[in-house]
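Student: I am new to this structure and would like a close look at a single part of it. Could you walk me through the salt bridges?

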Amino acid sequence: MGFDFSNHQRNAFLESRGIASAKATSTGTTIVGLKYADGVILGADTRATQGPIVADKNCEKIHYIAPNIWCGGAGTAADTEFVTGMVSSQLELHSMSVGRTARVVTAMTLLKQHLFKYQGHVGAYLIVGGVDPTGPQLMSIHAHGSTDKLPYTCLGSGSLNAMAIFETRWRADMPRDEAMELVADAIKSGIFNDLGSGSNVDLAVITKDGTEVFRGYEKPNERGAREGRYVYRRGTTKRLGKETLLKFDVQTVPVEVVGGGVGDRMEVDA
């Protein structure tokens, strides 16, 4: 299976006539991950955009791969969801075949091979984190298939804002509570400074004993209660003018045709 470019000429013709092509829903996104004393923590915002429109205020960007492996996704929302779902199925079959717990590097290899095959046309930018028999692992994968193995990393349109927080405050072997606070602050930095990121903070804490997912861990943009009733008395807004619409009657009148025969006439509506 591959991509079908048979509609490329059609789309180019429509764009030449001023008809804009459809836009895929993008996650915009700030996603982060870090290694701490006992495992890995992934974080993400929850805003999905479609051009200038906020398409989803509570989009789930931390995806399940295996019980001990999770993945944060940035880029095209459908691509991140379906690629991680496909690799999750492949990894489960692989674990059953070899009879052992899935390794994070195996998930990373399956993801990067799939993305490299399509040369960036699959818009999935991923942060894979997990704990396996080799210890806590954290890796980032770009849409063209390149990978990095880092103690902390950020991806998405708000990644520069989040990275500023990490580079200032991250240290090795952080305790759980401090690491969760750092991840949440990095995501909030993206939410407040990047238009493509917004809404809530989601976290996933992965240890050798299992994974805890915190949906809506923080809600920095929650709408507050309206403080008053905004009722205006009649006449507050000035009326600029008044326009009267008249009703016209339609009448049928005879019209003489020039050059026609004697008695030739036609009727028109006036």
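How many salt bridges does the count come to?

Tutor: Happy to help! This is a predicted model, in which local features need pLDDT of at least 70 and side-chain atom pairs count only at pLDDT 80 or more, while totals for chains, interfaces and linings use all residues. Residues are numbered from 1 along each chain as its sequence is written, and side-chain values use heavy atoms, leaving out hydrogens and water.

A salt bridge here is a side-chain nitrogen of Lys or Arg within 4 Å of a carboxyl oxygen of Asp or Glu. By this rule there are seven salt bridges.

One of them pairs the side chains of Arg176 and Glu212, 3.0 Å from N to O. Arg176 belongs to helix 5 (residues 176–193) and Glu212 to strand 12 (residues 210–218), so this pair ties together parts that are 36 residues apart in sequence. Helices (H or I, at least four residues) and strands (E, at least two) are DSSP runs, numbered from the N terminus.

Lys188 and Glu218 also meet in a salt bridge, at 2.8 Å from N to O. Lys188 lies in helix 5 and Glu218 in strand 12, so parts 30 residues apart in sequence are tied together. Lys188 is buried, with a relative accessible area of 18%, whereas Glu218 is partly exposed, at 25%. Buried means under 20% relative accessible area, exposed over 50%, and partly exposed in between (1.4 Å probe, protein chains only).

Finally, Arg215 and Asp202 form a salt bridge of 2.3 Å, N to O. Arg215 sits in strand 12 and Asp202 in strand 11 (residues 201–207), so the pair links parts 13 residues apart in sequence. Salt bridges that share partners also join Arg169, Asp185, Lys188 and Glu218 into one network.
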